[in-house]
Amino acid sequence: MESIFHEKQEGSLCAQHCLNNLLQGEYFSPVELSSIAHQLDEEERMRMAEGGVTSEDYRTFLQVISNALKVWGLELILFNSPEYQRLRIDPINEKSFICNYKEHWFTVRKLGKQWFNLNSLLTGPELISDTYLALFLAQLQQEGYSIFVVKGDLPDCEADQLLQMIRVQQMHRPKLIGEELAQLKDQRVLNTDLEHALEASDGPGMLDEDEEDLQRALALSRQEIDMEDEEADLRRAIQLSIQGSSRNISQGVPQSSGTSLTSEELRKRREAYFEKQQQQQQQQGAEPPGQSLRLCERPNTCSGALGNDLGDAMSEDGMLQAAVTMSLETVTSNLKTEGKK
């Protein structure tokens with residue numbers, strides 16, 4: 001299809017496009033056709049039996065095209081004239097047709113062994129099958145077209161030689177130029193609306209809100225992690241203290257309550273331990289300088305459950321520090337007991 005010469009519509013130059021598509025090349029220009037029309041203008045007016053701009057324009061264009069084709073030894077015969085109809089020629093045995101409706105002219109030509117509609121209003125050549133050709137011409141006549149048969153030998157062209165050897169297939173019929181432009185315009189409008197919608201959905205406002213939500217989620221996550229770390233440290237310290245107390249019991253270290261202690265006994269021992277530390281600190285502050293105080297070396301045990309009274313008197317940091325201190329003293333006492341044995 002690329003080898004077929006096809007001029008598309010430009011302004012009101014349909015007569016030029018019709019001739020060049022018929023001859024398959026840029027054989028005529030507006031200047032040349034205007035010169036032919038000027039030469040025929042006076043003669044055509046003299047022979048006009050009827051007045052009227054439409055009839056005069058029709059006859060003028062027809063004469064211009066006829067005189068232009070005479071240069072190549074070609075002539076036009078009206079397709080539905082009695083003279084031609086008596087010949088009973090099958091349309092597929094002809095070589096080309098020129099079709100006219102009002103001021104529009106276009107060519108239907110056979111290239112190789114196939115027929116093509118070379119209308120300049122189409123986006124490209126339209127393939128016409130042999131079986132559809134007669135129906136196509138009949139349809140044009142019903143729409144008011146005048147059809148002319150081109151008689152004579154057309155000049156050789158590349159498309160005719162190539163299509164003598166191969167046959168082409170057309171998957172999609174060409175559209176009218178106006179339809180294609182309308183579809184392109186609609187597509188551009190659709191693409192523009194889509195771009196605006198995407199820009200609106202990806203606007204800075206929505207991005208800022210998403211970032212704020214993410215920051216808030218990260219802050220809450222960090223707070224939860226910090227709280228979990230503090231609770232884990234406290235649990236580890238209390239667990240160490242419980243383990244130390246358990247080892248003392250298993251190794252036979254004397255305990256005031258026997259081999260097992262209740263929660264109440266553990267709470268009392270813990271209170272006694274802290275009261276003794278407070279008394280020692282008060283005594284140390286009351287004694288004169290230089291006098292050393294001897295601290296009690298007897299270890300005390302603590303349980304994993306801190307009492308309500310102690311929780312009221314001390315902060316969480318104090319409780320953690322006290323638990324760690326008691327754990328260390330318990331381990332030290334165990335080591336000393338093992339050394340004595």
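The chain folds into 11 helices and six strands, and what you are looking at is a predicted model. Here is a stroll through its inside, its charged pairs and a few side chains worth a click.

**The overall picture**

Of the 341 residues in the chain, 32% are buried. Take the contacts with a separation of 6 or more: 67% of them are between residues 24 or more positions apart. On the outside, the chain exposes about 22400 Å², with carbon and sulfur atoms supplying 52% of that area.

**Two nonpolar cores**

In soluble globular proteins, nonpolar side chains tend to be buried together. The largest nonpolar core here has 22 residues, and the ones touching the most other members are Leu 19, Ile 65, Leu 69, Leu 76, Ile 98, Trp 105 and Val 150. Two or more residues each come from helix 1 (14-23), helix 2 (30-47), helix 3 (53-70) and strand 6 (146-151). Which element gives the largest share? That is helix 1, with six residues. A separate core of 15 residues lies apart from this one, and Phe 79, Tyr 84, Phe 97 and Phe 106 are among its members.

Helix 1 deserves a second look. It is mostly covered, with 10 of its 10 residues buried. The buried set mixes residue types: it includes Leu 19, Leu 22 and Leu 23, but also Gln 16, His 17, Asn 20 and Asn 21. Right after the helix ends, Gln 24 adopts a positive phi of about 60°.

**Three salt bridges**

Side chains of opposite charge can pair when their charged atoms come close. Searching the whole structure turns up three salt bridges, laid out below.

| Basic residue | Acidic residue | Closest N to O |
|---|---|---|
| Lys 151 | Glu 94 | 3.1 Å |
| Lys 95 | Asp 153 | 3.1 Å |
| Arg 173 | Glu 126 | 2.9 Å |

Start with Lys 151 and Glu 94, which form a salt bridge. Lys 151 sits in strand 6, while Glu 94 is in the loop between helix 4 (82-87) and strand 2 (96-101), so the pair ties together parts that are 57 residues apart in sequence. How covered are the two partners? Lys 151 is partly exposed because its relative accessibility is 23%, while Glu 94, at 5%, counts as buried.

Next come Asp 153 and Lys 95, also joined by a salt bridge. Asp 153 lies in the loop between strand 6 and helix 6 (158-165) and Lys 95 in the loop between helix 4 and strand 2, so this pair ties together parts that are 58 residues apart in sequence. Asp 153 is exposed at 59% relative accessibility, and Lys 95 is partly exposed at 39%.

The remaining salt bridge joins the side chains of Arg 173 and Glu 126. Arg 173 is in the loop between helix 6 and helix 7 (177-201) and Glu 126 is in strand 5 (residues 126-128), which makes this a link between distant parts of the chain, 47 residues apart. Arg 173 is exposed, with a relative accessible area of 52%, whereas Glu 126 is buried at 15%.

**Buried polar side chains**

Where does His 6 sit along the chain? You will find it in the segment before helix 1, and it counts as buried at 16% relative accessibility. A polar atom of the His 6 side chain is 2.9 Å from the backbone oxygen of Asn 119. Setting aside neighbours within four places in sequence, His 6 also contacts Asn 21, Leu 118, Ser 120, Leu 122, Thr 123, Gly 124 and Pro 125, along with Asn 119 itself. Asn 21 brings us back to helix 1, where it is one of the buried residues.

Ser 66 belongs to helix 3 and is buried, with a relative accessible area of 17%. What does the side chain of Ser 66 reach? The backbone oxygen of Leu 62, at 2.9 Å.

**A nonpolar patch on the surface**

Finally, step outside. Tyr 27, Val 71 and Trp 72 make up a nonpolar surface patch of about 290 Å². Tyr 27 is in the loop between helix 1 and helix 2 and is partly exposed, with a relative accessible area of 30%.

Notes
Residues are numbered from 1 along each chain as its sequence is written. This is a predicted model: local features need pLDDT of at least 70, side-chain atom pairs count only at pLDDT 80 or more; totals for chains, interfaces and linings use all residues. Side-chain values use heavy atoms; hydrogens and water are left out. A nonpolar core is a set of buried Ala, Val, Leu, Ile, Met, Phe, Trp, Tyr and Cys residues joined through side-chain atoms within 4.5 Å. Buried means under 20% relative accessible area, exposed over 50%, partly exposed in between (1.4 Å probe, protein chains only). Helices (H or I, at least four residues) and strands (E, at least two) are DSSP runs, numbered from the N terminus. A salt bridge is a side-chain nitrogen of Lys or Arg within 4 Å of a carboxyl oxygen of Asp or Glu. Patches are made of residues with over 30% relative accessible area and no salt bridge: like charges are joined within 9 Å, nonpolar side chains (Val, Leu, Ile, Met, Phe, Trp, Tyr) within 5 Å. Accessible areas come from the Shrake-Rupley method with a 1.4 Å probe; for residues, only the protein chains shown count as cover. A polar contact is a pair of N or O atoms within 3.5 Å; within protein, one must be able to donate a hydrogen and the other to accept it, and residues adjacent in sequence count only if both atoms are side-chain atoms. Contact means heavy atoms within 4.5 Å.
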